[in-house]
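Open the model in your viewer and keep the sequence panel in sight. Each stop below gives a selection to make and then says what is there.

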Amino acid sequence: MTNAWRNWAGNEQAHPVRVARPADADEVAAEVAAAVRDGHRVKAVGSGHSFSPTAVAPGVQLQLDRMNQPLSVDAESGLVTVGAGMPLWQLNPLLAEHGLAMEILGDIDRQTISGAISTGTHGSSTRFGGIATQVRALELVLADGSVTRCSATEQPELFAAARVGLGALGVITKVTLQCVPLFAMRAQDTQQPVAEVLRDMQELADGHDHFEFFWFPHSEVSLTRRFTRLPATTPLTPVGALSARLDDALNGPGFEALCRIGTRFPATVRPIARFAAKAMSAREWTDLSYKIFASSRPVRFLEGEFAIPREHAADALREIKSWIDRNDERVSFPLEIRFVAADDIWLSTAQGRENCYIAFHQYHRMPHERYFRACQDILSSYGGRPHWGKMHDLDATALRPRYEHFDAFVALRDKLDPTGLFANPYLDRVLGKAPQAR
């Protein structure tokens, strides 16, 4: 009987020859040795929330859901070590119980901690980097079956690469994070004309602890989202679950129905998008940070995202809008625009530069290929780096000049995994094949 696997969006699937659920590094090492013996490749998989095939496992699939426990929590230093299979939605309440929090999170918390860092998951703030910048140490099982640890002082070259390692260097088994004292945030959602936001976006990004905005490209209004960091003792005024679903145009119970109507009757997509844009409500609420950062996304979609130098953001967005209008393209989901500080991680999309991240989406039942290709081409013209967990079709030749340390990463991969044990067709494409790969 085959072991069928699909990702959350349903655009990637695999039929591994074997599925294993190791409980610790020793069991991972045993599975790696067995895969070598049997001539199979190995891939660890988390929650399956990547839109790219980075975790697709045609050979042995390692499901890390049994490695989901807290291993040490030091409330004084903020250093927390957890198993690689710990999902963020479980980690955040655990940290709160100890008076701690992640410094920043993305807008979805379904990922495992190892999957989130390995693909470069990020939030939005010009003051903070992506989630991987919070990592202080990693434990990995390498292709030779050895268990190793890396940090800024222990194997610093491996640490510089493995924090956003795409699963290409080994199987992460433990993650040590630098957390911060628990804090609250005030969230403000406001409708604003797109023209104003494009004009002022750099000042808006720098003027708030966290700033992002959503723009349905068939509309002239956007939803801006501003978060202000507050002490944990701040009185909380959370949004109720029902109210959140009713108020949020992206998550409300009617949005799925509207998307289905647009799929069946394409001429309705534009008016539906304009209606959804107007329905995005202005609201303000205060809650613990992890409850503000992440939101529910029950309506399934496909997504691509590129990081470009932030100074080019407005021009790139205007080009995307112009292409949509010229080509009569029907887009059911908004563009999402976020900002992230530079970091020093080799294959991080923010390595060496401050970025604007432009994410483009489409309802999973609607055609997306032409639109996604156009966005990729436009954003690539500004030196765009694709999010490793989202959809693109670039290869190593196209990606190499966009990353200062690309060749160093590949050289380290070739040294640690010369046969491509941890590779799959996606990694063969984006990194090139390992030197001894069959």
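**Stop 1: Phe227**

Select Phe227, which sits in strand S15, residues 221-231. The model is a predicted one. Is Phe227 buried or exposed? Its relative accessible area is 6%, under the 20% cut-off, so Phe227 counts as buried.

Now show what surrounds Phe227. Leaving out residues up to four places away in sequence, Phe227 touches Met185, Arg186, Ala187, Asp209, His210, Ile292 and Phe293. Keep Arg186 and Asp209 from that set of contacts in view. Each leads to a salt bridge, at the next two stops.

For a sense of scale, draw a distance from Phe227 to His361. Their C-alpha atoms are 23 Å apart, with the two positions 134 residues apart along the chain.

**Stop 2: Asp209 and Arg127**

Select Asp209 and add Arg127. Their side chains form a salt bridge, 2.4 Å from N to O. Asp209 is in the loop between helix H5 (194-206) and strand S14 (210-215), and Arg127 is in the loop between H3 and strand S9 (135-141), so this pair ties together parts 82 residues apart in sequence. Asp209 is buried, at 16% relative accessibility. Arg127 is partly exposed, at 43%.

**Stop 3: Glu284 and Arg186**

Go back to Arg186 and add Glu284. These two form a salt bridge, with the closest N and O atoms 3.8 Å apart. Glu284 belongs to strand S16 (residues 283-288) and Arg186 to strand S13 (residues 183-193), so the bridge links distant parts of the chain, 98 residues apart. Glu284 is exposed, at 52% relative accessible area. Arg186 is partly exposed, at 26%.

**Stop 4: Glu329, Arg370 and Tyr371**

Select Glu329 and Arg370. Here the side chains meet in a salt bridge of 2.5 Å, N to O. Glu329 lies in the loop between helix H10 (313-326) and S18, and Arg370 lies in helix H11 (residues 369-380), so the pair joins parts 41 residues apart in sequence. Glu329 is buried, with a relative accessible area of 8%. Arg370 is partly exposed, at 44%.

Move on to Tyr371. Which residues does Tyr371 touch, not counting those up to four places away in sequence? They are Ile320, Trp323, Ile324, Glu329, Val331, Leu335, Phe360 and His361.

**Stop 5: the nonpolar cores**

Tyr371 also leads into the largest nonpolar core, which has 135 residues. Select Ile113, Ile358, Tyr371 and Leu431 to show the members with the most contacts inside this core. Helix H10 gives the most to the core, with 7 residues. A second, separate core has 5 residues, among them Trp5, Val45, Ala55 and Val56.

**Stop 6: Ala359 and a charged network**

Select Ala359 in strand S19, residues 355-363. Ala359 is buried, at 0% relative accessibility. Beyond its neighbours within four places in sequence, Ala359 contacts Glu303, Gly304, Glu305, Pro334, Leu335 and Glu336. A distance drawn from Ala359 to Leu421 reads 32 Å, C-alpha to C-alpha, for two residues 62 apart in sequence.

Next, follow Glu303, Glu305 and Glu336. They join Asp107, Arg297, Arg338 and Lys390 in a network of salt bridges. The whole structure has 34 salt bridges.

**Stop 7: the largest cavity**

How many cavities of 30 Å³ or more does a search of the whole structure find? There are 8. The largest cavity holds about 620 Å³ of space. Select Ser50, Thr54, Gly115, Ala116 and Thr119, which lie nearest its centre among the 43 lining residues. Then colour strand S4 (42-45), helix H3 (113-118), strand S11 (171-178), strand S17 (301-309) and strand S18 (335-340), the elements that give two or more residues to this lining. Sorted by class, the lining has 14 nonpolar, 21 polar and 8 charged residues.

**Stop 8: the second largest pocket**

Finish at the second largest pocket, with a volume of about 320 Å³. Select Gly39, His40, Arg41, Thr419 and Arg438, the closest to its centre of the 17 residues that line this pocket. By class, the pocket lining has 8 nonpolar, 6 polar and 3 charged residues.

Key:
Residues are numbered from 1 along each chain as its sequence is written. This is a predicted model: local features need pLDDT of at least 70, side-chain atom pairs count only at pLDDT 80 or more; totals for chains, interfaces and linings use all residues. Side-chain values use heavy atoms; hydrogens and water are left out. On a 1 Å grid over the protein atoms alone, a cavity is a set of points where a 1.4 Å probe fits but cannot get out, and a pocket is an open set with protein on both sides within 12 Å along at least five of seven lines; lining residues have an atom within 4 Å of a point. Grid points are joined across faces, edges and corners, and a volume is the space filled by probe spheres set on the points. Helices (H or I, at least four residues) and strands (E, at least two) are DSSP runs, numbered from the N terminus. Ala, Val, Leu, Ile, Met, Phe, Trp, Tyr, Cys and Pro count as nonpolar, Asp, Glu, Lys and Arg as charged, and the others, Gly among them, as polar. A salt bridge is a side-chain nitrogen of Lys or Arg within 4 Å of a carboxyl oxygen of Asp or Glu. Buried means under 20% relative accessible area, exposed over 50%, partly exposed in between (1.4 Å probe, protein chains only). Contact means heavy atoms within 4.5 Å. A nonpolar core is a set of buried Ala, Val, Leu, Ile, Met, Phe, Trp, Tyr and Cys residues joined through side-chain atoms within 4.5 Å.
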